[in-house]
Amino acid sequence: MLPVAPPHNSMNQATVSAAGLREAGDRQPLPPGWSSYTSPEGLQYYVNSSSKETTWQRPSSSADAPQRPLARLNSSPYANGCSSSTKTSQPPETAKVSLRKPLMYKQPPGSVSPAKRQIKEVKETKTTINCVTFPLPGEGPEQQLLKPDEWSYCDYFWADKKDLQGTTSVAGFEVLLQKQLKGKQMQKEMAEFIHERIKIEEEYAKNLSKLSLSPLAAQEEGTLGEAWTQLKKSLHDEAEVHLKFSNKLHTEVEKPLLTFRGDNFKKDLKKYDHHIADLRKQLASRFASVEKARKALADRQKDLEVKTQQLEIKLSNKTEEDIKKARRKSTQAGDDLMRCVDLYNQTQSKWFEEMVTTSMELEKLEVERIEWIQQHLRQYTTLRHETDMFNQSTVEPVDQLLQNVDPAKDRELWVKENKTSEVRPVDMDI
């Protein structure tokens, strides 16, 4: 599940569908100093850039027409954790951070406008996990994978992974780093395995060479003796073949496995880890700022409500001044919240981009590792086949001599060399 990637400069402007909010007078231009905005709930409100006054009702061209202040409704444009600066004429930007539902305060009878009554509870479509916002399953449009049908790292390691007991969790990026370290360890163990194979070959070659010098059956004669002598010589030749095999295993298989991505590889992984960890810390800091700013806004709204209720109970110039001051503070708190939200979104966007780039780089490294090992293990099988062919070549002369062994010829040769007399003994006469 991918996190919500905040837009850099996109402006989301909601539209008001309530028919009661659209009147024929809306087509008339606003009085000087007034600007129109849309709240996150989809309701239109108006701000006077000079007096900082806000109201849900469209200002009239008549200077004497009273305006219903926004504060009297106790639902400012910042109620859902979003705000728009009253110093600009641009509509407010919708925050991409996971926000609480709007604070709904009780209102005095008759003080809530029809537009206010139409505001419904805002359903959360996002959740926050370790200061990162994710869309809730089934809410909003389905997010598209960055690399569909490839099971790419960049699509499946955004959230944290819990252990089997569910007590501790590991960041998704940390899972990718552990995969790299495990791959490095597997590569090292494969090299150790090949080294043991080399030791076996060397010991085997040594024993074959020693056995080829054995004096056993050295006095065998004739064609069989020639075959026996060739057999012992083949052991020496075979020992040379296995010794060459062990040397090639060392230079063409073991050494490449050991030297591929040396000590610097772990240092590079640490750089990746520190970089992403720093971004996560910045993200957590931005998120804390948003929460702090949201709480400050709630406190300012509550203070504004209290002063508004005091004005309804008892009119006084001092109370009106207090309300203006509270309204300015509430507006400032809303601006602070939006600024914090914007900084959070920028940081999350940076984290998102770095996560995609780095995870794809780790994916590339893993592919290279597997292909490298595959290449050199195939070299092992090639050398093994060559060794078998060379061994066969050492046996072929032995096989030929064994086929030519002739017992009659051996007897003839032996008799000629060892005969004592060509005269046979005769019978004794009586």
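Is D149 buried or exposed? Keep that in mind while you get your bearings; the tour comes back to D149 at a later stop.

**Start with the whole chain**

What you have open is a predicted model, so colour it by pLDDT before anything else. The chain averages a pLDDT of 77, with 73% of its residues at 70 or more. Now select residues 4-24: pLDDT stays under 50 there, and the model gives this stretch 38 contacts beyond four places in sequence. Do the same for residues 63-122, where pLDDT is also below 50. That stretch has 170 contacts in the model beyond near neighbours in sequence.

Switch to a cartoon view. You should find 7 helices and 7 strands. Walking along the sequence, they come in the order β-β-β-α-β-β-α-β-β-α-α-α-α-α, so to speak a run of helices to finish on. Of the 430 residues in the chain, 36% are buried. Look at the contacts between residues at least 6 apart in sequence, and 72% of them join residues at least 24 apart. Turn on the surface and you are looking at about 26,900 Å² of accessible area, with 54% of it belonging to carbon and sulfur atoms.

**Go inside: the nonpolar cores**

Hide the surface and show W158, F173, V290, L337, W351, M355 and L362 as sticks. These are the residues with the most contacts inside the largest nonpolar core, which has 29 residues. To see where that core comes from, colour β5 (132-135), α2 (153-156), α3 (172-212), α5 (263-313) and α6 (317-403), the elements that each give two or more residues to it. Helix α6 gives the most, with 11 residues. There is also a second, separate core of 9 residues; select A191, F245, V253 and L383, which are among them. As background, nonpolar side chains in soluble globular proteins tend to be buried together.

**A buried histidine in α4**

Next, pick H242, in helix α4 (residues 222-259). It counts as buried because its relative accessibility is 6%. What does H242 touch, leaving aside residues up to four places away in sequence? Show E201, Y204, A205, L208, T387 and N391, and you have its contacts.

**Follow the charges**

The whole structure holds 15 salt bridges. Begin with K179 and E366, whose side chains meet with an N to O distance of 3.7 Å. K179 sits in helix α3 and E366 in helix α6, so this pair ties together parts that are 187 residues apart in sequence. The two ends of the bridge differ in cover: K179 is partly exposed at 36% relative accessible area, while E366 is buried at 5%.

Stay on E366, which also forms a salt bridge with R369, the closest N and O atoms being 3.0 Å apart. The two residues are 3 apart in helix α6, which means about one helical turn separates them. Both E366 and R369 are buried.

Now slide along α6 to D336 and R339. Their side chains meet in a salt bridge of 2.9 Å, N to O, and these residues too are 3 apart in helix α6, about one turn. D336 is partly exposed at 23% relative accessibility, and R339 is partly exposed as well, at 46%.

One more charged stop: select K147, E150 and E363, which are linked in a network of salt bridges.

**Out to the surface**

Bring the surface back and select L145, W151 and Y156. Together they form a nonpolar surface patch with about 350 Å² of accessible area. Y156 lies in helix α2, and its relative accessibility of 35% is why it counts as partly exposed.

**Two unusual backbone angles**

As a rule, most residues other than glycine have a negative phi. Here are two places to look for something else.

Select D149, in the loop between β5 and α2. Its phi is near 65°, a positive value in a residue other than glycine. And here is the reply to the opening question: D149 is exposed, with a relative accessible area of 77%.

Finish at A217, in the loop between α3 and α4. A217 is not a glycine either, yet its phi is positive, at about 60°. With a relative accessible area of 46%, A217 is partly exposed.

Definitions and conventions. Residues numbered from 1 in each chain as written. Predicted model: local features only at pLDDT ≥ 70, side-chain atom pairs only at ≥ 80, totals over all residues. Heavy atoms only, no water. Core = buried A, V, L, I, M, F, W, Y, C linked by side-chain atoms within 4.5 Å. Buried < 20%, exposed > 50% of the residue type's maximum accessible area, 1.4 Å probe, protein only. Helix = DSSP H or I, 4+ residues; strand = E, 2+ residues; numbered from the N terminus. pLDDT = per-residue confidence, 0-100. Contact = heavy atoms within 4.5 Å. Patch = residues over 30% accessible without salt bridge, like charges linked within 9 Å, V, L, I, M, F, W, Y side chains within 5 Å. Areas by Shrake-Rupley, 256 points an atom, 1.4 Å probe, with all protein chains shown as cover. Salt bridge = Lys/Arg side-chain N within 4 Å of Asp/Glu carboxyl O.
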